[in-house]
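Visitor: I am new to this structure and should like to be guided through it. May we proceed by question and answer?

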Amino acid sequence: MTKQTLRLKKRVVSSLFTLFFLFTAPLVNAAEGDIWQVSVPVGNARALPQTSADLVSQLPKGTSVTEMAREGIWLQVQLADGTMAWMHQVTLSQSIELFGLALDSANRTAMRKAIRSSEVKVVREVDTYPYDLYDPSEWKKGATEMTLGYTLKDQLFAVAEITYRSEKDTEQVRQVAEGVRKELGPWQRVLGRRAEGPVEFEWQRGDLRILVHRGWPDTTTYVVYEVTNRLNEMQAELQPR
């Protein structure tokens, strides 16, 4: 047997092993029993985790389903009648919390109270300014600053940014993104490369958008939670008239 034939045989065996692993490995990142709500006007429940699969049902906004398993950005869910189906994660949402409060309904008074019960230290809280500043270093390992913003009119949560300052730590953004992934499941979009250059990971949960991003060459990493329509409202309130 020639060396070339031997190398080819090894590649074939390796490829077959990889295919075997892909088709027999258990689904990961499952959060069995988690309850999700349909966050779009009509949520498509399909027979398989792919957009071309047959429809099992079409669920109106607000319908609750139970997560049974996960495959990438697809969730296997159980419908109210016991039917099993697959739904794209972007069509579903859960309440995302900080300090025990759901961000889609939190207001400034409740958030400040919750923060004071945590390990976060107050740096600045001014009612007439939309941003409150905090030191989260004893709450989150590696975190150096935290900013929370609210709409001025209704004092509703609009945005939170947690900063992890670093220089030349190219692994930091991956570590922070993995921490968020453990809570929210796989990110729905990633731009850039983790090894170098700017990079951004994104999750979408209904009206809430979560980002983990880094610029370059500064490797400081930022985690952002934003209710997009409220953030736009807050920024509009700050515009000079």
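The exchange below moves from the whole chain to its sheet, a helix, the cores and a few single residues.

Visitor: How many helices and strands does the protein have, and what percentage of its residues is buried?

Guide: The model shown here is predicted. Its secondary structure consists of four helices and 17 strands. The chain holds 241 residues, and the buried ones make up 37%.

Visitor: Which strands are the edge strands of the open sheet of eight strands?

Guide: The sheet is open, and its pairing is antiparallel. Its strands follow the order E10-E11-E12-E13-E17-E16-E15-E14. An edge strand pairs on one side only, and this holds for E10 (121–124) and E14.

Visitor: What is the average twist in this sheet from one strand to the next?

Guide: The order of the sheet runs from E10 to E14. From each strand to the next, the twist averages 20°.

Visitor: How many bridges join E13 to E17?

Guide: In the order of the sheet, E13 is followed by E17. Val-159 stands opposite Glu-226, a residue of E17. E13 and E17 (residues 221–227) run antiparallel, and the number of bridges joining them is six.

Visitor: Which residue takes a positive phi in the hairpin of E14 and E15?

Guide: Strand E14 (residues 189–192) and strand E15 (residues 199–205) run antiparallel and are joined by four bridges. Gly-192 has Val-199 of E15 as its bridge partner. Between the strands lie six residues, and the positive phi, near 85°, belongs to Gly-197.

Visitor: With which side chain does the side chain of Glu-200 make a polar contact?

Guide: Glu-200 is part of strand E15. Leaving aside neighbours within four places in sequence, its contacts include Val-190, Leu-191, Arg-209 and His-213. The side-chain polar contact, at 2.5 Å, is made with Arg-189.

Visitor: Why are the buried residues of helix H2 on the same side?

Guide: In H2 (residues 108–116), the buried residues are Arg-108, Met-111, Arg-112, Ala-114 and Ile-115. They lie on the same side of H2 because the arc they cover around the axis is only 165°. On the other side, the exposed residues are Thr-109, Lys-113 and Arg-116.

Visitor: Against which strands do the buried residues of H2 pack, and which residue reaches Thr-109 at the start of the helix?

Guide: The buried residues of H2 pack against E8, E9, E11 (131–135), E12 (145–150) and E13 (157–164). At the start of H2, the backbone nitrogen of Thr-109 has a side-chain oxygen within 3.2 Å. That oxygen belongs to Asn-107.

Visitor: Is Phe-99 buried or exposed?

Guide: Phe-99 lies in the loop between strand E8 (97–98) and strand E9 (101–102). Beyond residues up to four places away in sequence, Phe-99 touches Met-111, Ala-114, Ile-115, Ser-118, Val-120, Trp-139 and Met-146. Its relative accessible area is 17%, and the cut-off is under 20%, so Phe-99 is buried.

Visitor: Which helix supplies the largest share of the largest nonpolar core?

Guide: In soluble globular proteins, nonpolar side chains tend to be buried together. The largest nonpolar core has 33 residues, and Met-111, Leu-148, Phe-157, Val-212 and Tyr-225 have the most contacts inside it. At least two residues of this core come from each of H2, E12, E13, H3 (172–184), E15, E16 (208–214) and E17. The largest share, five residues, is supplied by H3.

Visitor: How many residues are in the other core, the one with Trp-36?

Guide: Apart from the core of 33 residues lies another core. Among its members are Trp-36, Val-38, Val-65 and Leu-92. The number of residues in that core is 11.

Visitor: How far apart in space are Pro-130 and Leu-238?

Guide: Pro-130 lies in the loop between E10 and E11 and is buried, with a relative accessible area of 1%. Leaving out residues up to four places away in sequence, Pro-130 touches several residues, including Arg-108, Leu-148, Met-234 and Leu-238. In sequence, Pro-130 and Leu-238 are 108 residues apart, while their C-alpha to C-alpha distance is 8.6 Å.

How values were computed
Residues are numbered from 1 along each chain as its sequence is written. This is a predicted model: local features need pLDDT of at least 70, side-chain atom pairs count only at pLDDT 80 or more; totals for chains, interfaces and linings use all residues. Side-chain values use heavy atoms; hydrogens and water are left out. Two strands pair if DSSP finds at least two bridges between them. A polar contact is a pair of N or O atoms within 3.5 Å; within protein, one must be able to donate a hydrogen and the other to accept it, and residues adjacent in sequence count only if both atoms are side-chain atoms. Contact means heavy atoms within 4.5 Å. Buried means under 20% relative accessible area, exposed over 50%, partly exposed in between (1.4 Å probe, protein chains only). The arc is that of the directions from the helix axis to the C-beta atoms. Axes are lines fitted to C-alpha atoms, for helices over the stretch in contact, and angles run from 0 to 180 degrees between N-to-C directions. A nonpolar core is a set of buried Ala, Val, Leu, Ile, Met, Phe, Trp, Tyr and Cys residues joined through side-chain atoms within 4.5 Å.
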